[in-house]
Every structure is written in structure tokens, then in C-alpha cells.
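Biologist: I'm new to this one, so could you walk me through it? Let's put it on screen and start talking.

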Amino acid sequence: MKLTNLCLILLTILCSSSTLVISQESCSSKLEQIPTTYPFDTTKLLCSPVRRTHKFFLRYAKASSDVWSFIFSFPADINAYAGIGFSKDGSMVDSSALVGWMPSPGAGGLKGYYLGGKSPDQIIVGKVNNDLQAMNLSINPAGTSLVYIVFQLKTNQPTSNLLFAIGPNGVYPDYKTGVLTKHSDKIAINIDYSKGTNREISFINLRRSHGVLNIAGWSILMIIGSIISRYFKQWDPIWFYLHASVQIFAFVAGVIGILCGFSLSKKLNSNVTNHKNIAILIIILGCLQVLAIKLRPGPESKIRKYWNWYHHNVGRILIIFAVINTFYGLHLGAEGSKWFLAYGVSIVILVIVAVILEIRMWIIVRREAQSKRTESYPQSTFELH
């Protein structure tokens, strides 16, 4: 009796596992029937797994010379919205998306969005780019385990840069307003429509290298090097070698950071002309500072005061533009308030340190001046007769 019960339990588990495997979506699975008729031929659709973590699949085919057909499928039990976006450069900004959700079979929604930026007020509901002409849109339950977003695009060739996102668990857009909450996960891919293959687009490492190297080089180390030069000359010649080492390291890190930025701009095909122009100006000023080391006259030279004026003021101008461009770059990258706060606090700390050292230097200078005046005019003595 016990053996029979054990066999029944094992048989049940095996059947459940088989059912689970069969119900899982894959590119080898057949398309499920949907309540409405497919608006296009589905027999020649290619399939590409676009987000294996969430079991997202995209099926597509060229229906005519200027029409493409798509079916984007996702599990019905994700308990969130799912979206597909079409991007020119792989980034979210200035792209268009179709977002669907189905809390229960037959009770779902599907809307288009223009992603003008990363803040909620820049996500425009019901609008897409003029380049994206979507038609025959529908969202359908496919059996009990899948949801299909079915649509066609009127275009000769759709962009190969696609975005996929999933919303936060248990949160759905309002059907009337369509307002989206921030996604919990996303991915950008580049798809080869002819082969059905895709690769993830990720510039996070390049972006971080660009930002960190520029901030550390031009904005932080350059300021530290200047502080060493102005306030620690009593430690001669240590101050000079330390100042030169810090500035050279800052220059190298900053140049590499700017080169990373040029590479990132090219990959994203982004229009950041002002940011680039300021960066080029910073490099030129940095080269002038490096050149100043070669042209540095001796302390007793008559032109030393002109060299000092040139070296000090070029350095100040460089730092000012570097700080401005860093804040501008954080703005262009749509970085969160934490980045602005962290960088702002760093600059404020350096400014406070510089002010304290400046006050200390002026106090020392005044004391030395008073001491010299006292030595130059000794107290007179008179003899009484």
C-alpha cells in the first residue's frame, strides 16, 4: 500500500514536470491560438529569445516591401507590464515603445509611448516617433500561460536596436491614463533580422570609465594639485614634485576619460556638441599646462612673473571649465541626484579646504610683514642727563 502511494506520488510529480516543460515558451514552441484572428501570416515568422531571464520572445517576418509583422510574447504570470521599444541608438531617450499588461485573461491593456527622457513627465502616453508607424495592434491571452502583443510596423527596415522592459511586481499602468511606473529591469539588444540572432547592447562600463576618469582627473586631482602648489611651498622641493606628479596623473586620467567619451558618443550616435567642445578646450588647456613645465624659467629669471601669471591663470580656467562640464555631463547622462550630490559635496569640501588654507596663508603673511616692520623700526632709546 505504501509502495503504491509512493508510485502515485512520483507519477504525479513526473506528469507535473512534463506539463511544466511543455508549457514553457521557447522558439521551438508552436504559436498558441488567440481569441482574435492573427492579422498576418504566421507560418514564416523567425523567432529570437530576447530576454531569457523573463522568458521574453520576439517573432517577426517581413510581410511586404514596407510592412513587418511582430509577435512579442511574455509569461502571463509575470504580474507586471512588459514593453518593447524601438531605438535609433540603443538608448531609451528619444525612442518609442509598445507596453502591454494583462492582470487576468482578457483584462489587459496596450498603449504606445514616446520616451522623451528618463523622468515621468518626459514619458508621453499615446504618442510614438513619426518613424514608428504601428498598426494592427492587439494584446491577447495565448492559452493560460502566455500573453502575445501582436502588431505590424509600416517601414522598409525596422531599427535593429530594441529595448525590452518589465515593470515592478504587482503594479500596472492605469488603463485610462496609461501612466507608467519605473521598470524593474530592462535590456537593450541589437538584433539581426535575417538570422534571428541578437546581442546585448551595454555601454555601462564605457560610461562609468568616462565619468569616473573625468571627475577624478580634471575635477578632483587638478584642484588638489593646485592646492598643493599654492599652500605648501614651505616644503621645498617636495611640494613641487608632488604637485607635478598629481597634475600629470590628473592630465593622463582626464585625457583617457575624454577619449572614452568620444567613443561613447560615437557608439550612441548622440548629439552632445557643447559637451564635446568644452572637453576639447579642456584638453587644449591641459596641454598648455604640460607645455609650461618645459618652458618653466628659473626663479631668478626676469620673465618668471609672466610665466607664473600664465601657468596659474590657465590652470584656474581649466578647473572652472572642468567643473562646469562635469555637471553638464551628469545632466546629459540623466544621472540621478546621488551623482550630483556626491560630486557637489566633493567640490564643496575642496573649496572649504582651499578657503581655510587661504585664510591661514594670509594670517602668516601678515604676521611676517608685521615682524619685518618691527625689525626695520626698532624702539628708540633716550638717555636722560
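Modeller: Start with Phe56 and Phe72, which are both buried (under 20% relative accessible area, with a 1.4 Å probe and protein chains only). Keep in mind that this is a predicted model, where local features need pLDDT of at least 70, side-chain atom pairs count only at pLDDT 80 or more, and totals for chains, interfaces and linings use all residues. Residues are numbered from 1 along each chain as its sequence is written, and side-chain values use heavy atoms, leaving out hydrogens and water.

Biologist: How are the rings of Phe56 and Phe72 arranged as a pair?

Modeller: Rings of Phe, Tyr and Trp (its six-membered ring) pair if their centres lie within 6.5 Å; planes under 30 degrees apart are stacked, over 60 edge-to-face, the rest tilted. Phe56 sits in strand β2 and Phe72 in strand β3, 16 residues apart (strands are DSSP runs of E, at least two residues, numbered from the N terminus). Their centres are 5.3 Å apart with planes at 90°, so the pair is edge-to-face.

Biologist: And what kind of pair do Phe72 and Phe164 make?

Modeller: Phe72 lies in β3 and Phe164 in strand β10, so this pair ties together parts that are 92 residues apart in sequence. Both are buried. The ring centres are 5.4 Å apart and the planes are at 55°, so the pair is tilted.

Biologist: Which residues have the most contacts inside the largest nonpolar core?

Modeller: A nonpolar core is a set of buried Ala, Val, Leu, Ile, Met, Phe, Trp, Tyr and Cys residues joined through side-chain atoms within 4.5 Å. The largest one has 28 residues. Among the elements giving two or more residues to this core are β2, β3 and β10. The residues with the most contacts inside the core are Leu58, Phe70, Phe72, Phe86 and Phe164.

Biologist: Which strands stand at the edges of the open sheet?

Modeller: Two strands pair if DSSP finds at least two bridges between them. The open sheet has 5 strands, paired antiparallel in the order β1-β2-β3-β9-β8. One side of each edge strand is left without a neighbour in the sheet, because each has a single partner strand: these are β1 (46-51) and β8 (134-142).

Biologist: Which residue of β9 is the bridge partner of Ile71?

Modeller: β3 and β9 run antiparallel to each other, pairing over 9 bridges. In β9, the partner of Ile71 is Val150.

Notes:
Buried < 20%, exposed > 50% of the residue type's maximum accessible area, 1.4 Å probe, protein only. Helix = DSSP H or I, 4+ residues; strand = E, 2+ residues; numbered from the N terminus.
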